[in-house]
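Visitor: I would like to learn how to read the features of a model like this one. Could you take me through them in turn?

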Amino acid sequence: PPINPSRETTNMAEVHGQCNPQFDKVRSLLQQFIESGEEVGACITVNIDGEDVVNIWGGLADAESKRPWAEDTIVGVASNSKTVSSLAMLMLVDSGAVSVYDKVSKYWPEFAANGKENVEIRHLLSHTSGVAGWDEEITMDEICDPVTSSAKLAAQAPWWEPGTASAYHAVCNPWSHPLPSQATPGGHNCLSRIQSCLERAPEISPGRVITDTSGYSGTSDTC
């Protein structure tokens with residue numbers, strides 16, 4: 001719950017770290033959020049071209065114990081794998097190996113069961129597929145087993161007509177199960193090759209868009 005501002009000390013609410021002058025507004029906003037109690041504690045880092053232009057923190061890491069947020073406070077990070085798996089699929093799209101308008105069943109025939117024959121790749125990427133979770137009770141061990149979890153997804157009906165509504169696919173990513181490997185020429189697992197693809201791609205820096213796709217043309221030894 002938000003901290004009562006009257007119970008905060010000036011030290012607790014103080015924002016620490018370094019921030020380039022052009023980003024002073026970021027520091028001010030973090031200060032405001034912590035002082036108001038809207039944020040218990042937080043940290044922000046912005047890196048541009050390899051330089052940390054913002055690296056600030058403040059507030060409490062634990063409201064109950066009043067432990068202050070420090071430079072090295074460890075923070076849980078969620079959903080990073082979605083970024084990687086989505087990037088892998090978009091690299092396949094960029095290379096021409098697949099289209100976002102392709103039916104998922106083109107590459108994963110079993111997925112067409114129970115009214116999912118019209119689900120397209122774009123629906124998976126935009127969390128509008130209607131398959132935002134499992135109908136059946138499922139354990140974490142089963143979720144981490146791509147064979148079991150994929151089979152359960154493929155068998156069930158969508159929760160809504162694909163493309164008509166959206167719900168976050170929190171731990172259910174159909175595109176990171178059999179789809180990438182079946183959509184990749186030669187059947188290679190796209191996710192396992194993403195690192196080598198990026199290494200062969202043009203140098204990437206924040207704010208740049210890749211226009212040369214020769215590094216990942218969709219051949220059997222690339223993504």
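Guide: We go from confidence to fold, then to cores and rings.

Visitor: Where does pLDDT stay under 50?

Guide: Remember that this is a predicted model. The mean pLDDT of the protein chain is 77, and 72% of its residues reach 70 or more. Two stretches stay under 50: residues 187-192 and residues 200-223. The model still has contacts beyond four places in sequence there: 16 for residues 187-192 and 40 for residues 200-223.

Visitor: How many helices and strands does the protein chain have?

Guide: There are 9 helices and 4 strands. Read from the N terminus, the order is α-β-α-β-β-β-α-α-α-α-α-α-α.

Visitor: What share of the contacts joins residues 24 or more positions apart?

Guide: Take the contacts with a separation of 6 or more. In the protein chain, 59% of them link residues 24 or more positions apart.

Visitor: And what of surface and burial?

Guide: Of the 223 residues in the protein chain, 36% are buried. The accessible surface is about 12400 Å², with 53% of it belonging to carbon and sulfur atoms.

Visitor: Which residues touch the most other members of the largest nonpolar core?

Guide: Start with the general idea. In soluble globular proteins, nonpolar side chains tend to be buried together. Now the case here. The largest nonpolar core has 17 residues, and Val-98, Val-104, Phe-111, Ile-121 and Trp-134 touch the most other members. At least two residues of this core come from each of α3 (80-95), α4 (104-107), α5 (121-125) and α7 (146-155). Another core, of 9 residues, lies apart from it; Val-15, Ala-42, Val-53 and Val-54 are among its members.

Visitor: How is an aromatic pair described?

Guide: By two values: the distance of the ring centres and the angle of the planes. This model has 1 aromatic pair. Trp-108 and Phe-111 form it, with 5.0 Å centre to centre and 35° between the planes, so it counts as tilted, since stacked needs under 30 degrees and edge-to-face over 60.

Visitor: Are Trp-108 and Phe-111 buried or exposed?

Guide: Trp-108 counts as buried because its relative accessibility is 4%, against a cut-off of under 20%. Phe-111 is buried too, because its relative accessible area is 0%.

Visitor: What sits over the ring of Phe-111?

Guide: The charged end of Lys-116 does, 5.0 Å from the ring centre. So one residue ties several readings together: Phe-111 is buried, pairs with Trp-108, and is one of the core residues that touch the most other members.

Conventions. Residues numbered from 1 in each chain as written. Predicted model: local features only at pLDDT ≥ 70, side-chain atom pairs only at ≥ 80, totals over all residues. Heavy atoms only, no water. Phe/Tyr/Trp six-rings, centres within 6.5 Å; stacked < 30°, edge-to-face > 60°. Buried < 20%, exposed > 50% of the residue type's maximum accessible area, 1.4 Å probe, protein only. Lys NZ or Arg CZ within 6 Å of the ring centre and 35° of its normal. Contact = heavy atoms within 4.5 Å. Areas by Shrake-Rupley, 256 points an atom, 1.4 Å probe, with all protein chains shown as cover. pLDDT = per-residue confidence, 0-100. Core = buried A, V, L, I, M, F, W, Y, C linked by side-chain atoms within 4.5 Å.
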